[in-house]
Each structure stands twice: as C-alpha cells, then as structure tokens.
Amino acid sequence: MFWQKELETLNRSRLEALQLKRLRETAARVYGKVPYYRKLFKNNGVTPAHLKALQDISKLPFTTRDDLQKNYPDKLLTIKHHDTMRLHTSSGTTGKPKAVFFTRQDIDVAANNIARCLTMTGVTKKDVLQNMMSYGLFTGGLMMHYGAEKVGALVIPSAIGNTERQLMLMEDFGTTSIHLTPSYALYLSDVLEKKGREFRKKLKLKRAYMGAEPYTEETKNKIEKLLQVKVYNSYGLTEMNGPGVAFECEFQAGMHLWEDSYIMEIVDPKTGKQLPDGESGELILTTLTREGMPIIRYRTRDLTAILPGKCKCGRTHRRITRIKGRADDMFILRGVNIYPQQIERVLMSVAHVEKNYQIYLDANDKMTVKVEITKKLFDGDLDKLKKLQLDLTERLRAEILIRPNIELVEPGTLPVSEGKAKRVFDNRKIY
Amino acid sequence: MPILKQLSVFVQNQPGKIERLTSVLAENKINILALNIASSGEYGVIKIIVDKPELAYKKYKEAGLTAYLSEVLGILMQDKPGGLHEVAKIIAKNNLNVENAYVYVPKSRKKAMLILDVRDIKAAKKNIAFAGKLKSN
C-alpha cells in the first residue's frame, strides 16, 4: 500500500531533479539567512550558485554535532524562533542539548513521511496504534503520534512504562500496532510471556515498529517470536525530524530513506570522502524541505551503507542497511542518546572524584559506572562512601535521565588512561 | 586514656581482597591486634589496630591501597561479666557518639580493651572528667 504512490515511485531522474531544486533552495536559504552557514560556505569557497548538479553537494561544508552545540539555542534558525511551532532536543556533550525547531510545515512533512512508513507496512485508518515512546522533548513520541494521526489510525499515546496498563490498553482497545524501543519490546515480551498463551490470543497485535536504538537481527527475530508480530525497523534522529527518516517496507530488505526530504551520502568517517553505493561508511543527511532550521550535510555518525538495486515494492527511494555502529562514542540506552562526556562532566562536578571511570552497558539496559575511590575521598567512614554513591547516582540521573548503578572501586582497578581511554564497555550485542 | 591509631582501608567485596591487606602486614612483620569489617554489600571498610600503625599506613600507600589513619579511644576494662556495662554507662553519661566499636582481648586475658571510634575525638580528649572517670575505672 502507498500513502503517496506518485512521489514514492517517482522515477529516479525526476526524483533527482526535485532533489537538486530543493537543495538549491535550501542552500540559498541558509546562505542568505544564517550567518554561521554563510561563514561555513565562504570558508569552503562555495556559494549556492556552485550547485549546478546534485553531485556538487560534496562542495558544501559538513554540519557537525559541535556546530549545533555552538549555535545553541537558536542561531541556526532562518526565521525568528517564535515563528516556529515546536522545539525538540537531543543530548549534547557540553551540558546543553542540541535544539531543533520545527515550523507547521516542518511537522507536516515529518508526519507525512511517517504516514508513508506506516501505510507501506499495512496500517490504515482502521488500525489502532499504541505509541509506547516517551512523549516530550524526545521526537520518538510526538512525531510518530502526528504521523499515525495523519493516516487516521486511532492513536493511544500510552508512552513508555507501566507495562500492566500497556497490556490492558492493548487488550481493551484492540491495539494492532505498537511503536517502541527494542529494549522495551524485550521487557514487554517477558511480561506478556508470563501472562500466558490465552492472553496473547485475546490481543489483535500484528506489528511492532522498533526504533530509537540499534538492534541486531537476532533481537528482532526473538521479539517477533515472543510477541508474535512482524517487526519493522525504523531509523531516525531528532536533528532530521526523529522517527521515519528511513523505514522498512513490506519486503523488509533495508530501510527506504525518503529522498524527496533528504539527500543522503555515505562518506568515509575519517576523510569525509564520498563512498559509492554498497560501501559502508557514515551517513550524511541534508534536509530538503526544512523551513525553520535546515541542516546541510549533517554528520549523523551512524554507520550504514546504501543498498544498490531496486526494491520489489516499486519505491524508487533508495534503501540503507540496518545501522552497523557509531563513528563516535555516543551510545543509546532506553532510547536516550548518551555521550561519555556527559557522565564525565557530572563525575568531575563532585569534589575529589577523579577522571578514572568506566561505563558498562549490559543486557536489560543495565548501566554501571565504575568510579575509583581515591585517597582524598576516603576518611575511613563507610556512611560517607554510601552518601557519595547516592549523590553520584542522583546527579547522573538528572543529567542522562537514567538511573545508573554506581560502583566504587579501589584505585588502580581501572586502567590508567593513556591517550584516548576506552570508557564504554557495551556488552549488549546490539550491532 | 590511651589514644590508639586505627587504620581504615577501603576494599571491594571480592575474593582475595583481605588477603591483599594481610600480606602487606605479614611481609613487614606488623602484628594485628584487632580487626573489624563494616560492609555495604559491594564494598566495605576494614578497620585494623596494629602494633606499627605508621609503618602499616606507609606500606599500604605504597601498595596502592586507599588507607586512612585516624585516632580512636582505647578503653581498658575488666574481662569479666559486667565489664562492658561499666564502660557503656560512662559513654552514655558523657553523650559520646560512637561510630564503631570493637574489642581486643590480649593474651593475658586479664583485661580487655574496648576500641571506640568516636565522631569527635578532640572533644573526648578534652573531656577531663571523662578521662578521669576512665582512669578510675
């Protein structure tokens, strides 16, 4: 099924002509209205007039996470911030998040792309979609909500957590589709399994949309088996509208990335040089329809590849593979993006806690931060250590919104950092 | 009233951790007089009274252990029924806040020593009345 058959199956030459037209408009817009971009363009010796063909995009400067942080809160806007309609944020490394603004049209485009995603996987207005993503500054909840409403499905904004109530809603309102993170899906599977087969039979559940965190094919298979649903992979990031940037169709051979909304490139993460289709590298995205805050050649730091060849579904928008990893040290836990630098900043804010720490990520979203107990922190008082442990836990929870386990360890237990120390030990097997 | 030096050492609750502490002492011929462990599950604090506290502290630091040297009260009491009760009465009367306490019984078994880790050791030292009463004990 198609939401916009003509646009989704537009032949490549027409699609690329549309991309070039929109790229030129976007480049002209940021060059004219955003001083920071004008400076970046000038540093690269380019103006929008240099964009004669689509491949000329490689002449444009990249936009990095640091660029977004430097321009916090609203210096990348092409309009006044009160002329936009919504703000979403994503974690940053400096203590301030990355702020992304949306106009009415921006939200409409994002919702429309999600409507395409949902429709191609079988959702119609007869469906009931339970949206188990957190609502708020995170795009996962609200953007999916708007997309599902566009299709006309009944949307249950249940958000994440309170699993018993989730199951009650699923049973009472005949939920057919759910949107959730893979980690929550695993938890939900466990609870559902305990409820027994009879309970599952009462549910009308057909499909699960999983995104916001990377996960393996094995995890997907496990969830499909336990929940007895079809699982569809979703890719998105707040900087690019959140969920629905790329999505699996019914053939589930990679995720179609909506090329009338974005130009995608794959580059070598070290050199920034473009790589041909089929080769793995860092995904670079340029917004083509953003009004309020267009972003040029954004370095997503996500590693993937563009799948060559046509998809059986008939859509001409090319597909990317499942995300294979990160080009930086960010990790995602319960849908929340976390940088080790955030943890480090919190630890350093407590007197005498030194820089030697390690972050361990284990199954079931368990996060443990190991901190060395140095001489300055210790006066023989066990209660003081317990207080320190509690204080660090609470401060970290306030920063990253997740409550970690703090483990106090003897000095010398953690390897002394030489150069770039390895901080994160991810044992979750998600890539 | 004798003031003793107590060593506190931070240890993770893992096999072999205490052995690491005792091996340092054994290698340096330091004798343990009393020992006490306070644990919070994953980690704990071991308090030790030894015959050569300054040396033990130095050796622990050299071994990379997190150790802390502090003063505690050592109160001699009669090693007989009611001996601890006599001392406890004095502690209560003087409003002394006890963080930790453990007992050391020397070979002679004539007297036992109660080791008191009090929050405010300076106040305890200045409390002449208290010291006097202890002496008279």
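In this predicted model, Y262(A) makes a good place to begin. Setting aside neighbours within four places in sequence, Y262(A) is in contact with M240(A), V245(A) and L257(A), and also with L285(A), T286(A), T287(A) and L288(A). Y262(A) also belongs to the largest nonpolar core, which holds 84 residues. Together with I114(A), L180(A), A185(A), A208(A) and V245(A), it is among the residues that touch the most other members of that core. Helix α5 of chain A (residues 104-120) provides the largest share of this core, namely eight residues. Another core, of 49 residues, lies apart from it and draws on both chains, with F331(A), V369(A), L21(B) and A56(B) among its members.

The core residue A208(A) leads on to strand β6 of chain A, which spans residues 207-210. Both faces of β6(A) are covered: R207(A) and Y209(A) are buried on one side, and A208(A) and M210(A) are buried on the other. Strand β5 of chain A (residues 177-180) runs parallel to β6(A) and is joined to it by four bridges. Within this pairing, Y209(A) is the bridge partner of H179(A). Four bridges also link β6(A) with strand β7 of chain A (residues 230-237), again in a parallel arrangement. Here R207(A) has K230(A) as its bridge partner in β7(A). Between β6(A) and β7(A) the chain passes through helix α10 of chain A (residues 217-227), and the resulting β-α-β crossover is right-handed.

Turning to the partner chain, the domain assignment divides chain B into domain 1 (3-70) and domain 2 (71-136). Taken over C-alpha atoms, the centres of these two domains of chain B are 22 Å apart. Their contact involves eleven residues from domain 1 of chain B and nine residues from domain 2 of chain B. On the domain 1 side, the elements of chain B that each give two or more residues are β1 (3-12), β2 (32-39) and β3 (43-50). By class, the residues on this side of domain 1 of chain B comprise six nonpolar, three polar and two charged.

Finally, the two chains meet through 14 residues of chain A in contact with 14 residues of chain B. On the chain A side, α12 (382-400) and β19 (405-409) each supply at least two of the residues that touch chain B. The most comes from β19(A), with three residues. The side of chain A that touches chain B is mixed in character, with six nonpolar, three polar and five charged residues.

Notes:
Residues are numbered from 1 along each chain as its sequence is written. Chains are lettered from A and ligands numbered from 1 in the order in which they are written. This is a predicted model: local features need pLDDT of at least 70, side-chain atom pairs count only at pLDDT 80 or more; totals for chains, interfaces and linings use all residues. Two residues are in contact if their C-beta atoms, placed from the backbone, lie within 7 Å. Ala, Val, Leu, Ile, Met, Phe, Trp, Tyr, Cys and Pro count as nonpolar, Asp, Glu, Lys and Arg as charged, and the others, Gly among them, as polar. A residue is buried if 20 or more other C-beta atoms lie within 10 Å of its own, exposed if 12 or fewer, and partly exposed in between; C-beta atoms are placed from the backbone. Two strands pair if DSSP finds at least two bridges between them. A crossover is right-handed if, with the strands pointing away from the viewer, the path from the first strand over the helix to the second runs clockwise. A nonpolar core is a set of buried Ala, Val, Leu, Ile, Met, Phe, Trp, Tyr and Cys residues joined through C-beta atoms within 7 Å. Domain bounds come from an automatic or database domain assignment.
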